[in-house]
Amino acid sequence: MSRFHSYIASATSILKTYDGSGPLLFHLKKFFSASKKFGSKDRKNIAHLCYTYFRTAHAVRLDNTEESILAGLFLCEQESSEMLATLRPGLNENISLSKKEKLAMLNLDATGIFPFHDSLSSLVDKDKFCTSLLQQPGLYLRIRPGKHQRVRSILETSGLAHEWLGNDCLRLKNSTSLDDLFVLNKDVVVQDFNSQQVLNYLQEEKKVLFSGNRVSAWDCCAASGGKSVLLFDVLKGNVNITVSDIRNNILQNLAQRLQQAGININRSFVADLSLPDPDLPEEEFSIIVCDAPCTGSGTWSRTPEQLYYFKENQIEIFSNRQKQIVSNVTRKLKPGGLFFYITCSVFRQENDEIVSFIHNSLSLKLLQQEYLKGYEIAADTMFVAVFTKPLLP
């Protein structure tokens, strides 16, 4: 058996034993831990075949797993593939065709990649988004304030391949090892390009910085704390940050990250904000950031296994949960304060319809809404809407 057939056989075995209940990455680690014969290059190639399979499985739908894997490899690769050159030279000869041309060659349509396209927001380009799922997004870093000179010096000394996107953002190869170069969270934050843009309204509206008074802010679905660090940096540290999430272990990890970033938390508490009557802080806030739990559909180019196992009825489940969360947390927004509603979803029911709900049912005024279209720049696609609570008469 050639090494390529061995790779395909191993990938097939992995696909048969994986059920989508956890990240594919963990399943791969478990598989390779039990199969010590594979070197690092072997592991990389086998994992790549699994990911390309999940990127294309909805569209390809062949009964033969080997053929599905090879078709997926053809659609996702952009440069000559040694495996395809050996096993399917006819495909490899056309590897440099555009995604659209390769789909046509296999008699496939872009929307077949994403069978939930009827639920996409009308503000999302259907074909561009669907074909973007064939490509792994880049690795993005945000430079912390005051660290630009240090980061530029490290880049110059190391010769690390990189690309600047604006003054504060770097794009690197996904295989880049960062630990030996930067002090993570202190020098740089690993954060997708569009995730770095979700608080741009604060940059544009300088009056939000107020006149020396510290801003009270609540990151209500804080998760790993990326938005808290961003909020702190955008407001130049002139903020008291309260954080909450659904599990205590999440908040413990968040506290450690913010400590690394040199950020003090004003208050941290556990709360399930999707409950009808959750425990809420007594105080009101000038800024509330709600990075709401969502389908994550705007990030599935990073985790295509989630695309494969997703069930469309989950959209409504998330939407109902989002409505309950925003209904609860906006009660704690000060008059004249700002509410940021953020998702990494492309579904209108989680975004456009939630905006209508907030405006019509919660009586907040919409200031700005935007899809941050990662499918145009090899990044995640995000949605952000900014509201204010009208001042009391």
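A charge is taken to sit over a ring if CZ of Arg is within 6 Å of the ring centre and within 35 degrees of the ring normal. In this predicted model, Arg152 lies over the face of Trp164, with 4.2 Å to the ring centre. Arg267 is placed over the face of Phe269, at 4.5 Å from the ring centre.

Aromatic rings also meet one another. The structure contains 26 aromatic pairs. In one of them, Phe4 and Tyr7, the ring centres are 6.4 Å apart and the planes stand at 70°, so the pair is edge-to-face. Both residues belong to helix α1 (residues 3–17). Phe4 and Tyr7 are three residues apart, about one turn of the helix. Phe4 has a relative accessible area of 8%; the cut-off for burial is 20%, so Phe4 is buried. Tyr7, at 5% relative accessibility, also counts as buried.

The pair of Phe114 and Phe347 is stacked. Here the centres are 5.9 Å apart, with 25° between the planes. This pair links distant parts of the chain, 233 residues apart. Phe114 lies in the loop between α7 (99–105) and α8 (126–132). Phe347 lies in the loop between β9 (333–343) and α15 (352–361). Both Phe114 and Phe347 are buried. The two residues belong to one aromatic cluster, together with Phe116, Phe129, Trp300, Phe310 and Tyr375.

Helix packing is illustrated by α3 (residues 40–60) and α4 (residues 65–76). The two helices pack at an angle of about 95°, and their axes are 8 Å apart. An angle of 65 to 115 degrees counts as roughly perpendicular, so α3 is roughly perpendicular to α4. On the α3 side, the contact involves His48, Leu49, Thr52, Tyr53, Arg55, Thr56 and Val60. On the α4 side, these residues meet Ser68, Ile69, Ala71, Gly72, Leu73, Leu75 and Cys76.

Two open sheets are described next. Strands of a sheet pair through backbone hydrogen bonds, either parallel or antiparallel. One open sheet has four strands, in the order β2-β3-β1-β4, with antiparallel pairing. Its edges are formed by β2 (163–165) and β4 (188–190). Each has a single partner strand, so one side of each is left without a neighbour in the sheet. From one strand to the next, the twist averages 30°. Within this sheet, β1 (residues 139–143) and β4 pair in the antiparallel sense over three bridges. Arg142 stands opposite Val189 in β4.

Another open sheet has seven strands, and its pairing is mixed. The strand order is β7-β6-β5-β8-β9-β11-β10. At its edges are β7 (267–270) and β10 (365–372), each of which pairs on one side only. The twist in this sheet averages 15° from one strand to the next. β10 and β11 (residues 382–388) run antiparallel and are joined by seven bridges. Tyr371 has Phe383 in β11 as its bridge partner.

The seven-stranded sheet also meets a helix. Helix α14 (residues 314–329) lies across β5 (215–219), β8 (285–291) and β9. The helix runs at about 160° to β9.

How values were computed: Residues numbered from 1 in each chain as written. Predicted model: local features only at pLDDT ≥ 70, side-chain atom pairs only at ≥ 80, totals over all residues. Heavy atoms only, no water. Phe/Tyr/Trp six-rings, centres within 6.5 Å; stacked < 30°, edge-to-face > 60°. Buried < 20%, exposed > 50% of the residue type's maximum accessible area, 1.4 Å probe, protein only. Pairing = 2+ DSSP bridges. Axes fitted to C-alpha atoms, helices over the stretch in contact; angles between N-to-C directions. Parallel < 35°, antiparallel > 145°, perpendicular 65-115°, else oblique. Contact = heavy atoms within 4.5 Å.
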